Amino acid sequence: MEISTQAKAVIPAKDRHIRKAAVLGSGVMGSRIACHFANIGLEVVLLDIVPFDLKEEDKDNKSRRNSIVNSALKSTLKANPSPIYDKSFANRITTGNFDDNMNLIADCDWVIEVVIERLDIKKQVFEKVEQFRKPGTLITSNTSGIPIEMMTEGRSEDFVKHFCGTHFFNPPRYLRLFEIIPSTKTDPEIIKFFEHYADLFLGKTPVLCKDTPAFIANRVGVFSMSAIFKLQQEMGLTVAEIDSLTGSLTGKPKSATFRTADVVGLDTLIKVAKGVYDNCPNDEMRDTFDVPAYVLKMEENKWLGDKTKQGFYKKTKDENGKKVILQLDLAKMEYVPSVKSKFASVAAARQAGGLKARLKALAVGKDKAAEFLNRLSYMIFQYVSKRIPEISDELFRIDDAMRAGFGWEIGPFEQWEAVGVAKTVAKMKAAGFAPATWVDEMLDAGIESFYKVEAGELKYYDIPSKTFKPVSGRENFIILDNLRENAPVFKNSGCTVHDLGDGVMNIEFQTKMNAIGGEVLEGINKAIDIAEKDGWRGIVLGNNAPNFSAGANLAMIMMQAVDQEWDELNFTIKYFQNTVMRIRHSAIPVVAAPHGMTLGGGCEIVMHSDAAMAAAETYIGLVEVGVGLIPAGGGTKEFALRASSSFSPQDTMVPKISDRFTNIATAKVATSAHEGFNIGVLDPMKDFVVVNQDRAIAEAKQKVIDLFEAGYTKPAERSDIMVLGRTGLAALYAGVAGFQVGKYASEHDALISRKIAYVLCGGDLSQPTQVSEQYLLDLEREAFLSLCGEKKTLERIQSILTSGRPLRN
C-alpha cells in the first residue's frame with residue numbers, strides 16, 4: 001500500500017484532533033512515550049525492528065519477529081516508578097515491527113520517531129514512513145540534538161510542512177518539558193497545535209526552541225553540570241559537599257549534581273557535552289563543555305553510574321554487613337566514606353526559610369560553600385543572558401525549560417531576580433562574569449527585574465522592544481502568586497483565602513508540607529462562613545505548591561497525646577471532623593484541586609468535597625496506619641458510606657467492605673489519580689482527572705461555577721448507611737488473626753486493624769443496620785483517641801517527626 005505524498009493544505013490548529021498515534025522505536029524513550037500516549041486515552045501503535053539474528057525457522061513467526069518491541073514494552077511496564085497511570089491502559093498499545101506493520105501508521109494522526117540518535121537511521125525510517133503516511137499527518141522526531149533541518153532532506157513537501165522536533169524528557173510521564181523545534185519549513189499551524197496539545201492533553205510545559213545544538217534545556221542544564229565539574233577542580237570540594245549544596249537547598253532536585261549524573265549515566269552526559277563542544281564553535285563558554293580528565297578516566301574505567309554499579313557514588317557493605325554509600329575522591333580516584341561537612345552559610349540559609357530567602361542568605365555568605373554557589377550562579381547567569389537570541393528570543397522559555405526539564409524550582413532568570421539583578425550584576429562583573437549587553441541596557445533604563453505582575457497577569461521583559469509582555473501559554477492557568485498584590489478575603493498563619501473572580505474564592509494552605517492544623521481548619525470554616533453570608537458562588541481548595549497536603553499536623557497530636565490532654569485531643573479531632581462535614585454539607589459548592597502528595601487528612605478533605613479536579617499526578621491515600629492510628633477526619637466513615645452505597649440485594653456485602661478495610665489497613669496510596677478511583681478514595685460519580693496540574697485550580701473554579709449554575713443545593717446528612725455489624729466483624733477479625741499467625745502483622749498492627757474493622761462495620765451490632773454519618777464519626781474518633789494512648793503509636797509518630805519525611809506507605 002502506498003500513500004500519496006502530494007502536499008495537502010495544513011489543517012488549522014483549532015480543527016486538528018489526535019485519536020491514534022504511532023511511536024517508531026521502542027527503546028527506553030519510545031516505549032515510555034507510548035505509555036504516556038496510552039495514559040491520555042490514545043490508541044497507540046508501537047513499532048521497532050525485526051531482530052537481526054532470527055533463525056530461518058523463526059522468520060515467519062510473528063512473536064519472534066516482534067520480540068524486540070514486545071520485550072521492551074514488557075520491561076517498561078515493570079519499571080518503578082510506573083510509566084503508566086493504570087496497568088489496564090497498556091491494552092491501548094498495539095505492537096509490531098517496521099517490516100510487517102508500517103502500514104498501521106496509515107490511519108494515525110501523529111507519528112513520532114524515537115530511534116537511535118543517528119541521522120542515517122532516522123532518514124531510513126522516514127523513507128519508510130513516506131510510503132504509508134497519509135498526507136496531513138503530523139510527523140515528528142524525539143531527537144535530543146540532531147538538527148531538525150537535516151532530517152527534512154529528501155522528504156516530500158507535505159512531510160516537511162508537517163514535520164518538527166518534539167523532544168520529551170525522560171521519564172516522559174513525570175518530566176513535564178516538551179520542547180518543540182520547528183524547521184524553517186514547518187507550517188506555523190503545526191507549532192501552534194503542538195503548543196496547545198502539549199499543555200491541554202499531554203500535561204506538559206511546551207517550550208518553543210530554535211534548531212540549535214541540544215536545544216534549550218540540555219544546553220543550559222549540561223552547561224550547569226559542566227560548570228560544576230570545573231569549579232570542583234578549582235575549589236576542591238568533595239562530591240558529597242557539592243551535592244549537599246546543589247540539591248534542595250538551592251531549589252534543585254534532591255539528586256543534585258553527581259547523584260543525577262549517576263542516574264542519567266556519565267556516558268550520556270559526556271555525549272551531550274561533547275556534542276555542544278563540537279557543534280558550537282562560537283559559544284564563548286565552549287571550553288566549559290570540554291570534559292575534565294577525571295570524568296574521562298571514569299568513562300575509561302566504566303564507572304558510569306547506576307548502570308555499572310558505581311560512578312561518583314558506590315554502594316557497598318561494611319565489616320558488619322551494613323550498607324554504606326561511598327563517594328569518589330576525585331583527586332585520588334578512590335572511593336572513600338561520605339562525610340557531612342558543616343558550612344556557616346548553609347546553616348544561615350536553612351534558618352532563612354523559603355527558597356528565595358535561602359538564596360538571598362547564600363548570596364551574602366563568605367565561606368567556601370557560598371563562594372562556590374555564587375561563582376556557579378554568576379557563570380549560569382552570564383551564560384543564559386548570552387544565549388538570547390541564539391537558543392530563544394524570550395527569556396521566560398529558558399526558565400520554563402529548566403523547571404520542566406531539569407526539575408529546578410525556579411529558572412535561572414527567576415533565581416537571578418530573587419537575589420537582586422542589579423547588585424548581582426555588579427558582583428558578576430567584579431568576578432569576571434559580565435552578562436550580555438542587553439542586561440546593562442535594561443538596568444540603564446531603570447528596569448531591575450525580568451518579570452512583573454500587572455492586574456494578576458505575569459509579564460516578562462522583552463529584549464527587542466524593551467517592554468514587558470505577557471508570558472504566553474498561561475491564559476488557562478490560575479497562578480496564586482499573581483494574586484498576592486490583591487487584598488486577601490481572609491488570611492491567617494496557616495492559609496490565605498483569595499478572590500479568584502466570578503464569585504469564587506480559593507483556600508490556599510501555607511503550612512509546612514501544607515499540613516492541616518488549627519489555622520487551616522479555621523481558614524476553611526471562615527471562608528465557608530463568608531461565602532454563605534455574602535453570596536459567593538463557591539470555594540476552591542487548591543494551591544500551586546508541590547503537594548496538596550501531606551496530612552494532619554502530627555506534632556500537635558503528639559504533644560496532646562504525650563501530655564494526656566484527652567479533652568483537648570478529642571476537641572481537635574472533632575473540630576477536624578466538623579470541618580470536613582462542613583465542606584460536605586455547606587450551602588455552597590466546595591471543589592478540591594488535589595495534586596502531588598494528598599495524604600491522610602488531605603485525602604479526607606478531598607473525599608468530602610463536592611467534586612475533585614485531581615491532577616493526574618496525584619498520590620492520594622489514607623495513610624494514618626503508618627503512625628499507629630486510623631483515619632479519623634471522616635475517612636473511615638466515608639469508606640463505610642461508599643461501601644454501603646455500592647451494596648445491592650444480590651451482592652455478598654462482606655467482600656466490598658473487606659476491600660475498603662484492606663486499603664486502610666495497608667495504608668494504600670494511589671500512584672496516580674486514576675488509581676485513586678481504583679482504591680476508592682476518588683469517586684467516579686463526582687471526581688475528574690486533569691492531566692496538566694497547572695490547569696487544576698482553573699478547572700476547579702469552573703466546576704464550582706457549573707455546580708452553582710445548575711442550582712446547587714445543600715446536601716443532607718446521611719442516616720441510611722448500611723453497616724454489617726458482627727457479620728462483617730467476624731470476617732475481618734478472622735483475616736487479622738490469620739495475618740498474625742503468619743507473622744505478617746504485629747500485635748500492635750492487629751490492634752489497629754481491629755479498630756478499623758470495628759468502625760467500618762458500625763461496631764458490635766447484632767445484625768446489619770442503617771446508621772448515620774455522625775454515629776460513624778463518633779466511633780472513628782473514639783478509636784483514634786484510644787490508639788493515641790498506645791506507646792507504640794507515640795513511638796511511630798515520634799519517628800516520623802524526627803525523620804522529617806511525610807507519612808506514606
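In which sense do strand S5 and strand S6 pair, and over how many bridges? The close-ups below start from this pair; please keep in mind that the model is predicted.

**Close-up 1. Strands S5 and S6 side by side.** Strand S5 covers residues 138–141 and strand S6 covers residues 163–168; the two run parallel and are joined over three bridges. To find your way in, look for threonine 140, whose bridge partner in S6 is cysteine 164.

**Close-up 2. The sheet of eight strands.** Stepping back, we meet an open sheet with mixed pairing, and its eight strands follow the order S3-S2-S1-S4-S5-S6-S7-S8. Strand S3 (93–97) and strand S8 (205–208) each have a single partner strand, so at these edges one side of each strand is left without a neighbour in the sheet. On average, and ignoring direction, neighbouring strands here are turned by 25° against each other.

**Close-up 3. Helix H1 on the sheet.** Helix H1, made of residues 28–39, lies across strand S1 (20–24), strand S2 (43–48), S3, strand S4 (110–113) and S6. Relative to S2, helix H1 runs at about 170°.

**Close-up 4. The sheet of three strands.** Here is another open sheet with mixed pairing, in the order S20-S22-S23. Its edge strands, S20 (596–599) and S23 (669–670), each pair on one side only. S20 and strand S22 (residues 618–621) run parallel and are joined by four bridges; a handy landmark is methionine 597, which stands opposite tyrosine 619 in S22.

**Close-up 5. Helix H24 over S20 and S22.** Residues 601–608 form helix H24, which lies across both S20 and S22. Its direction is at about 85° to S20.

Conventions:
Residues numbered from 1 in each chain as written. Predicted model: local features only at pLDDT ≥ 70, side-chain atom pairs only at ≥ 80, totals over all residues. Heavy atoms only, no water. Pairing = 2+ DSSP bridges. Axes fitted to C-alpha atoms, helices over the stretch in contact; angles between N-to-C directions. Contact = heavy atoms within 4.5 Å.
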